[in-house]
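Subject: Structure handover

Hello,

Here is the structure we talked about. Please open it alongside this note. My findings follow below.

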Amino acid sequence: MSAASPPAADAPLLVVDDLAVTINGASVVDGVSLSLRRGRVLALVGESGCGKSLTALSILGLLPKAARRVRGRVTLDGQDLTALDERALARVRGDQASVIFQEPVASLNPLMRVGDQVAEALRLHRGLTGEEARREAVAMLTRVGIPDAERRAEAYPFELSGGMCQRVMIAAALVCQPKLLIADEPTTALDVTVQAQILGLMHGLRAEAGATILLITHDMGVVAEMADDVAVMYGGRIVESGPVEELFADPAHPYTRLLLATIPRLDGRRKEHLRTIEGVVPTADQWPDGCRFRSRCPLAADICSRTPPLEPVRSAVRRAACWRTAEAAALA
Amino acid sequence: MTEPLLQVRDLRVHFPLRGRGGVVKAVDGVSFNVPAGRTVALVGESGCGKSTTAYAILGLEPATSGEVRFDGRDITRLDRAGRRALAGDMQIVFQDPSAALDPKMTIADSIGEPLAIQGWKSAAAARRVFAVMDLVGLPASFAGRTPNALSGGQRQRVVIARALALSPRLLVLDEPVSALDVSIRSQILNLLMNLQAELGLAYLFISHDLSVVRHIADEILVMYLGTIAERGLTDPVFAAPTHPYTEALLSAIPLPDPVAQRRRRRIVLTGDLPSPLAIPPGCPFATRCPLAQPRCVEVRPVLAPSPSGQAACLVRIPAADPDAATRAAQR
Ligand SMILES: Nc1ncnc2c1ncn2[C@@H]1O[C@H](COP(=O)(O)OP(=O)(O)OP(=O)(O)O)[C@@H](O)[C@H]1O
Ligand SMILES: Nc1ncnc2c1ncn2[C@@H]1O[C@H](COP(=O)(O)OP(=O)(O)OP(=O)(O)O)[C@@H](O)[C@H]1O
Ligand code: SF4
Ligand SMILES: [Mg+2]
Ligand SMILES: [Mg+2]
C-alpha cells in the first residue's frame, strides 16, 4: 500500500502495532497491538501496573519522562502518529483524539473556571473567539448533563462534586468532536450511582455521535456494560482479546478465566470460598522468561518458558497468548 | 437472651465548622447491633459517615450524643486507661493502607506494637507475633522486612495481623479490600472468612462494594448522609430492597456478565447529593429520589418495619412517617 492512499471507510480508526515501552530498562509494555473500528468501544482491562495507562499515553505521545517507546507504530485514521514531532502531536490532541485521565479533580486546573477549561480547546483548535467559545462550552456542559450549565461554567473545580468534575473533563475532551476518545478509568474514583450516570452519558455519546472509545478499566463489570471488544493485559502484554460476549462466556486464557472467577457474584453462593490467583504480580524487572503469567499459572508447564504468540483461538475473531488454552476450560 | 457484643444507640457525631459557622452532621442518629461472631456491613457512598461511625465506636472521634456499649458496658466516653483496656477486645483496620504502616518499622515491630503498648514481655510478644503472622498466611521470613518490600495484599495481611495480635472479639474493617487488585481481594476475603470461622470474631465491615458485602455479610446497613436508610438481613435486602436508594445502589452495580448486564434495567439517579452542611430537613434522599412526594421534602422519615427488615421511606413504608408513628402511639 502506498503512503498516500486514503484510508478505506471501514478501515480501523486506530491501529497500535507492536508497541513496546521500557522504564529504566524494565519492559512495562511489550508487543501490544490493538485495532479499533469507528463507532466501537474497545476495553483495555487488567490489574494495577499491567501497562494500561502507559499504552494509552503512548498513543498520544504523552509518556512520562522516565518511559521510552522502544518499538511500535500508532496510526490514527491513516496518519502515523509516531512519525509526528511534538508540535504536530499537540495539534492532534484535543482535536482528533482526546484523553480523560484517571483522576478527574487532579486533571482539571484548580485555578481556572470550568467553563474556560472547556472553551480553551475551541480557541486553540477551532480559532473561536472568547464569546463564541464560551457559548459552545456552555452548550457542551449542558449536553453532558450539568444542570444550570450557564451558572456552573463560572465555578472552580473545588466547588463541584467528583461526578460533576468528571462531566467537565468529558465535556472538555469532546467539545472539538474528536474522532477518538481515550478514557482512562473514567469512573474508578466515583461512587456507583455517579458511575452509573457517567456510563449512561458515554452510552448516549455513542448512540448520538457515534463516538469511538478506547476505555481503560480494571473493572470487569464496566467492561461487560460498555465494551464491544476487550483486550486483557497482564505484565505489559495482551494475553487475550475478542468480542466481549464471546470472551466472557468462555475465556480462553488461564489468567482471564481465573480473574473472572475470583469476583464475588451477586448470584453466587454467599460465604463460599472464593477462587484466588496464587502469588503476586512480579515487578516489571522480574518477569519470568516466556509467558509472564507462568509464575502464577496453575497450568504452567515446560513449554511455557517460551513466549506464547497471540494466536487465533475458539473463533476467527478471538486471540489468546497461551500454550495450553485447550486445558484452560477445566480451570474455573 | 444474650446481649449483642456491640450496641450503638442513636449515635451522633457533629463537626462544628470554625469560622464559617454551620455544622457537618456526619453521623446523625444511627443505631445498630453487632452480635458476637457475625458480620454486619455498613455500606453507602463516599461521605455518608461510615468511617466517622467507626471512629466514634472506637473512641477516636468523640460522640456528640448517643451511646456505644461493648459486652453490655457503656464505652462511649472512656478515659485513656479505659481505651487501652478495651484495645484487647476491639480493633480497627483503617481505610488507607499506605498510611496504616510505619515505613521505617519492620513487619514484626508493626505487628507487635499493640502488644508492647499493653506491656507484654518481649519473648511472649515475639511468639505471639509469629503466631498471628502464621494465622494470616505471612511467611516468618517477612518479619525483618519493611512495608515497602511487600505487595499491597501482603501489607493488608500485616495490618490484619496487627489488629489480631491482642485476640480481639470485634474487628472494625474500614474498606479492607478496596485498594487491592481483584486477584488479591479474593485472597483477603477468604482470609477474613476463615479467621471468623476459626476465632469466632465479629466484624463491622465497611465497604462501598456491594458485591463484596453480599458475599461476606450476615446483615447490612445502608447509610445515606449520616442516617440509616435501610437495614436487614443480607438475603432479603438484596433480593427485594425496600428503600429507593438501596434499589438504585443495587441496580448500579456493574455485573461482570455482558448478557445479564444488557438485559438489566438500571435506575439512574438525577439530581445531586446535598452539601453535608445543608442537609435538607425532610428525607435526606429527596433531592435524588425518583419517588419523592411533596411530603418527603418536609418530614424526615424514621426507620420502620419493612418486608426486608427496616426502611426509612415515607412513600414505601407509611409507618416511617413520624407523625403516623406518633398518632399510632397515641391511639
Ligand atoms: N512515571 C513512571 N515512573 C516509573 N515507573 C512507572 C511510571 N509510570 C508507570 N510506571 C510503571 O510502569 C508499569 C505500568 O504502569 P501503568 O501506569 O501503565 O499501569 P496501569 O495498568 O495503568 O495500572 P493502574 O490500574 O494502577 O492505573 C507499572 O509497573 C508502573 O509502576
Ligand atoms: N474532622 C472533620 N471535620 C469536618 N467534617 C468532617 C470531619 N471528618 C469527616 N467529616 C465529614 O463528615 C462526612 C462523613 O465522612 P466519613 O469520612 O465518615 O465518610 P465515609 O462514609 O467514610 O466516606 P468514604 O467512603 O469516602 O470513606 C463527610 O461529609 C466528611 O467531609
Ligand atoms: S502459556 Fe503456560 S504459563 Fe502461560 S498462561 Fe498458558 S499455561 Fe499458563
Ligand atoms: Mg492506569
Ligand atoms: Mg471512609
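The shell around ligand 1 divides into five nonpolar, five polar and three charged residues. Bear in mind that this is a predicted model.

**Ligand 1**

The shell counts 13 residues, and those that come nearest are S48(A), G49(A), K52(A), S53(A) and L54(A). Helix 1 of chain A, residues 52-59, gives the most to this shell, with three residues.

Here are some polar contacts to look at. S53(A) uses its side chain: a polar atom there lies 2.8 Å from an oxygen atom of ligand 1. L54(A) uses its backbone, with an N or O atom 2.9 Å from a ligand 1 oxygen. C50(A) also has a polar backbone atom in play, at 3.3 Å from an oxygen atom of ligand 1. On its own, ligand 1 has 630 Å² of accessible area, and the protein covers 64% of that.

**Ligand 2**

Now to the other ligand. Around ligand 2 there are 13 residues, and S46(B), G47(B), K50(B), S51(B) and T52(B) come nearest. By class, the shell holds five nonpolar, six polar and two charged residues.

Again, some polar contacts. An N or O atom in the side chain of T52(B) is 2.5 Å from an oxygen atom of ligand 2. G49(B) brings a backbone N or O atom to 3.0 Å from a ligand 2 oxygen. For C48(B), a backbone N or O atom lies 3.3 Å from an oxygen atom of ligand 2. The protein covers 65% of the accessible area of ligand 2, which is 640 Å² for the ligand on its own.

Which elements give two or more residues to the shell around ligand 2? They are strand 2 (23-34) and helix 1 (50-58), both of chain B. Helix 1 of chain B supplies the largest share, three residues.

**The two chains**

Chain A has 12 helices and 12 strands. Its C-alpha atoms fill a box of roughly 65 × 55 × 40 Å along the principal axes. The radius of gyration of chain A is 21 Å, which agrees with the value near 20 Å for a compact globule of 332 residues. Of those 332 residues, 53% count as buried.

Chain B has 13 helices and 12 strands. Its radius of gyration is 21 Å, close to the 20 Å from the globule rule for 331 residues, so chain B is as compact as a globular protein of that length. The C-alpha trace of chain B spans about 65 × 55 × 50 Å along its principal axes. Of the 331 residues of chain B, 53% count as buried.

**Cysteines**

How many disulfides does a search of the whole structure find? Zero, over all chains. A disulfide is a covalent bond between the sulfur atoms of two cysteines.

C289(B) is a useful case. The closest cysteine sulfur to its own is in C313(B), 6.0 Å away, so the pair is too far apart for a bond. The cut-off for a disulfide is 2.5 Å between the sulfur atoms. C289(B) is also buried, at 16% relative accessibility. In chain A, C291(A) is buried too, with a relative accessible area of 12%.

**Two backbone points to check**

Both are in chain B, and each has a positive phi without being a glycine.

S167(B) has a phi near 50°. S167(B) sits in the loop between helix 6 (152-164) and strand 7 (170-174) of chain B. Is S167(B) buried, partly exposed or exposed? At 47% relative accessibility, S167(B) counts as partly exposed.

L225(B) has a phi of about 45°. The loop that holds L225(B) runs between strand 9 (219-224) and strand 10 (227-233) of chain B. L225(B) has a relative accessibility of 8%, under the 20% cut-off, so it counts as buried.

That is what I have on this model.

Best wishes

Notes
Residues numbered from 1 in each chain as written. Chains lettered and ligands numbered in written order. Predicted model: local features only at pLDDT ≥ 70, side-chain atom pairs only at ≥ 80, totals over all residues. Heavy atoms only, no water. Buried < 20%, exposed > 50% of the residue type's maximum accessible area, 1.4 Å probe, protein only. Near = heavy atom within 4 Å. Polar contact = N/O pair within 3.5 Å; in protein donor to acceptor, adjacent residues only side chain to side chain. Areas by Shrake-Rupley, 256 points an atom, 1.4 Å probe, with all protein chains shown as cover. Helix = DSSP H or I, 4+ residues; strand = E, 2+ residues; numbered from the N terminus. Nonpolar A, V, L, I, M, F, W, Y, C, P; charged D, E, K, R; others polar. Rg over C-alpha atoms; globule rule 2.2 N^0.38 Å.
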